[in-house]
Amino acid sequence: MTTASARGARATARLLGPALLAATLAGATATACDRASRHADAAPTPASAPSAPPASAPAAPEELCTRIVAHWSRVMLDSDTYGDYQSMGLSNGQYEILRTVLDAARAEKKRQGAAAADHLIDRQARRGCVDWYRSGGPGEGPWQ
C-alpha cells in the first residue's frame, strides 16, 4: 500500500533529480574553472624565465648508459673479472663500453690512485655512451 504522500515524494524526486544533478554539475564546473583561473593569476611566469624539464622526465638513453656503465665500473674496479653483462642489465654495446672503461680505470688506479680512476670512469663512460648512441645505439637483436 502506498500512501499519497509517498507517491508525491517519489514524483517530486523524479522531477527534482535531474535538476539537482544539473545544478551540482554546474557548480562543480564553475568552482573548478574559478580555481584554475586563480592559480593561473597567482603566479605568473615571466617569459624570459628558463623552463626546467619536469622532475619525472625520462633521462636520455646516453645518460642512462653513462650511469649504468659508471656504476658497474666502480663496482668491478677492484675485481679481476668483468662479470656477466646480462645480470648487470647491460646490452652488448654497453658491456663493450664497460670493458674499455674498466681496463683504462684499472690502469689509471695503479698509476694515479682511486680518485683519478673515479674521474676517468665518469669521463670515459660518458664519452663511450654518447659516441655509441650517436651512431644509433642498440641494434635490432635483443643482445645488441
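**Exercise 1. Work out which pattern the protein chain follows along the sequence.**

Solution. Start at the N terminus and read through this predicted model: the pattern is α-α-α-α. Now tally the elements, and you get four helices and zero strands. Next, look at burial: of the 144 residues in the protein chain, 21% are buried. Then turn to the surface, where the chain exposes about 10100 Å², with carbon and sulfur atoms supplying 59% of it. Last, check how far apart in sequence the contacting residues sit. Take the contacts between residues at least 6 apart in sequence; 60% of them join residues at least 24 apart.

**Exercise 2. Describe how α2 packs against α3: at roughly what angle do the axes cross, and which residues make the contact?**

Solution. Two packed helices are described by the angle between their axes and the distance between the axes. Step one is to find the pair: α2 covers residues 61-76 and α3 covers residues 92-112. Step two, get the numbers: their axes come within 9 Å and cross at roughly 45°. That angle makes α2 oblique to α3. Step three, the handedness: α2 passes α3 in a right-handed crossing. Step four, list who touches whom. From α2 come C65, I68, V69, W72, S73 and M76, and from α3 come Q94, I97, L98, V101, L102 and R106. Sort them by type and you have nine nonpolar, two polar and one charged.

**Exercise 3. Do the job again for α2 and α4: how do the axes cross, and how do the contact residues divide?**

Solution. Helix α4 runs over residues 114-134, and its axis comes within 8 Å of that of α2, crossing at roughly 145°. The crossing of α2 past α4 is right-handed. On the α2 side, the contact uses P61, E62, E63, C65, T66, V69, A70, S73 and R74. On the α4 side, the residues are D118, I121, D122, A125, R126, C129, V130, W132 and Y133. Split by type, that gives ten nonpolar, two polar and six charged.

**Exercise 4. Decide how α3 and α4 lie relative to each other.**

Solution. Begin with the geometry: the axes are 8 Å apart and the packing angle is about 155°. Angles over 145 degrees count as roughly antiparallel, so α3 and α4 are roughly antiparallel to each other. Here, too, the crossing is right-handed. Now pick out some of the residues that meet: α3 offers, among them, G93, Q94, I97 and T100, while α4 offers partners including A114, L120, W132 and Y133. The full contact divides into 13 nonpolar, six polar and two charged.

**Exercise 5. Classify Q94: is it buried or exposed?**

Solution. First place the residue: Q94 is in helix α3. Its relative accessibility is 10%, and because buried means under 20%, Q94 counts as buried. Then see what surrounds Q94. Leaving aside neighbours within four places in sequence, Q94 is in contact with C65, I68, V69, G89, W132 and Y133.

**Exercise 6. Find how far A114 is from D78, and S79 from R106, in sequence and in space.**

Solution. Take A114, which is found in helix α4 and is partly exposed, with a relative accessible area of 48%. A114 and D78 are 36 residues apart in sequence, and their C-alpha atoms are 10.0 Å apart. Now S79, which sits in the loop between α2 and α3. At 30% relative accessibility, S79 counts as partly exposed. S79 and R106 are 27 residues apart in sequence and 9.3 Å apart in space, C-alpha to C-alpha.

Terms used. Residues are numbered from 1 along each chain as its sequence is written. This is a predicted model: local features need pLDDT of at least 70, side-chain atom pairs count only at pLDDT 80 or more; totals for chains, interfaces and linings use all residues. Side-chain values use heavy atoms; hydrogens and water are left out. Axes are lines fitted to C-alpha atoms, for helices over the stretch in contact, and angles run from 0 to 180 degrees between N-to-C directions. Helices (H or I, at least four residues) and strands (E, at least two) are DSSP runs, numbered from the N terminus. Angles under 35 degrees count as roughly parallel, over 145 as roughly antiparallel, 65 to 115 as roughly perpendicular and the rest as oblique. A crossing is left-handed if the near helix is turned anticlockwise from the far one by less than a right angle, and right-handed if clockwise. Contact means heavy atoms within 4.5 Å. Ala, Val, Leu, Ile, Met, Phe, Trp, Tyr, Cys and Pro count as nonpolar, Asp, Glu, Lys and Arg as charged, and the others, Gly among them, as polar. Buried means under 20% relative accessible area, exposed over 50%, partly exposed in between (1.4 Å probe, protein chains only). Accessible areas come from the Shrake-Rupley method with a 1.4 Å probe; for residues, only the protein chains shown count as cover.
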